[in-house]
Every structure is written in structure tokens, then in C-alpha cells.
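Welcome! Please look over the sequence and the 3D view below, then work through the exercises at your own pace.

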Amino acid sequence: MATGAGALSVETDERSGDVLVVNRTAADVTRVDVKEGVVEETVATGANPNHVEIADGTAHVVDKSGATATEDTVTRIRLAR
């Protein structure tokens, strides 16, 4: 199943079993329901997303390597229960 251009980092939400895939080239993160084999949603991030980490029901996506002219950024995505 395709998630987006430049898939780079993957993390599993232990509560739902969903998988989040960081798509570096597409500048987004895709949430996949692996039980159903479908993409549930795609969320835009800053340029050059590099890594995803899930903690306490929130995914943190780090935008690295030139995401902005002055600093890296973090996109927070609240995951449904």
C-alpha cells in the first residue's frame, strides 16, 4: 500500500494498532489502519519531515534539514482513542 513520496520513518500507535508513516518528499504523515489495510488520513507537516514518535496519544513529527530558514520544527498530531 502506498503512503506517500519518500516514506522514511514509521511508528506504531500501541493504543489503536495504527501505523504512522513519515513521507519526507511529500511533507506529510500518513496514518494507516493495518488491520483493514487502508489509509485513514494524511496530515501535512513542515518541509522535510524526518522522524515520528508517539507518546501519550500524540504523534510528534520532527521536520529537519532545512525545514525552515532558521530552525527545525515539530508537528503535533493528536491521535483518536
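Two strands count as paired if DSSP finds at least two bridges between them. Strands (E, at least two residues) and helices (H or I, at least four residues) are themselves DSSP runs, numbered from the N terminus. This is a predicted model, in which local features need pLDDT of at least 70 and side-chain atom pairs count only at pLDDT 80 or more, while totals for chains, interfaces and linings use all residues. Residues are numbered from 1 along each chain as its sequence is written, and side-chain values use heavy atoms, with hydrogens and water left out.

**Exercise 1. Take stock of the whole chain.**

Task: State how many helices and strands the protein chain has, and find how its radius of gyration compares with the globule rule.

Solution.
- Step 1: Count the elements: there are seven strands and zero helices. Along the sequence this reads β-β-β-β-β-β-β.
- Step 2: Check the overall dimensions. The radius of gyration (taken over C-alpha atoms) is compared with the globule rule, 2.2 Å times the number of residues to the power 0.38. The chain has 12 Å, close to the 12 Å that the rule gives for 81 residues, so it is as compact as a globular protein of that length. Its C-alpha trace spans about 40 × 25 × 15 Å along the principal axes.
- Step 3: Look at the confidence. pLDDT is the predictor's confidence in each residue, from 0 to 100. The chain has a mean pLDDT of 87, and 91% of its residues reach 70 or more. Among the elements, S2 has the highest mean (94) and strand S7 (residues 73-78) the lowest (87).

**Exercise 2. Sort the strands into sheets.**

Task: Work out in which order the strands of the four-stranded sheet stand, and which strands are at its edges.

Solution.
- Step 1: Recall the general idea: strands of a sheet pair through backbone hydrogen bonds, either parallel or antiparallel.
- Step 2: Follow the pairs. Strand S1 (residues 7-12) and S2 are antiparallel over five bridges, and five bridges also link S2 with strand S3 (residues 28-33), again antiparallel. S3 and S4 run antiparallel and are joined by six bridges.
- Step 3: Put the pairs together: the open sheet has the order S1-S2-S3-S4, with antiparallel pairing. S1 and strand S4 (38-44) are at the edges with a single partner strand each, so one side of each has no neighbour in the sheet.
- Step 4: Turn to the other sheet. Three strands form an open sheet in the order S5-S6-S7, with antiparallel pairing. Its edge strands are S5 and S7, each pairing on one side only. S6 and S7 are paired over six bridges, and Val62 has Val74 in S7 as its bridge partner.

**Exercise 3. Follow strand S2.**

Task: Decide whether strand S2 is largely enclosed or open, and find which residues its two hairpins carry with a positive phi.

Solution.
- Step 1: Use the scale: buried means under 20% relative accessible area, exposed over 50%, and partly exposed in between (1.4 Å probe, protein chains only). Five of the five residues of S2 (residues 19-23) are buried, so the strand is largely enclosed by the rest of the structure.
- Step 2: Compare the faces. In a regular strand the side chains alternate between the two faces of the sheet. Here Val19, Val21 and Asn23 are buried on one side, and Leu20 and Val22 are buried on the other.
- Step 3: Read the turns. The S1-S2 hairpin has six residues between its strands, and Gly17 in the turn has a positive phi of about 85°. The S2-S3 hairpin has four, with Ala27 at a positive phi of about 60°.

**Exercise 4. Trace the core and a neighbour.**

Task: Find which residues make up the largest nonpolar core, then place Glu11.

Solution.
- Step 1: A nonpolar core is a set of buried Ala, Val, Leu, Ile, Met, Phe, Trp, Tyr and Cys residues joined through side-chain atoms within 4.5 Å. The largest one has nine residues: Leu20, Val22, Val29, Val52, Ile54, Ala59, Val61, Ile77 and Leu79. S2, strand S5 (49-55) and strand S6 (58-63) each supply at least two of them.
- Step 2: Glu11 lies in strand S1 and has Leu20 in S2 as its bridge partner. At 21% relative accessibility, Glu11 is partly exposed.
- Step 3: Contact means heavy atoms within 4.5 Å. Leaving out residues up to four places away in sequence, Glu11 touches Asp18, Val19, Leu20, Val52, Glu53 and Ile54.
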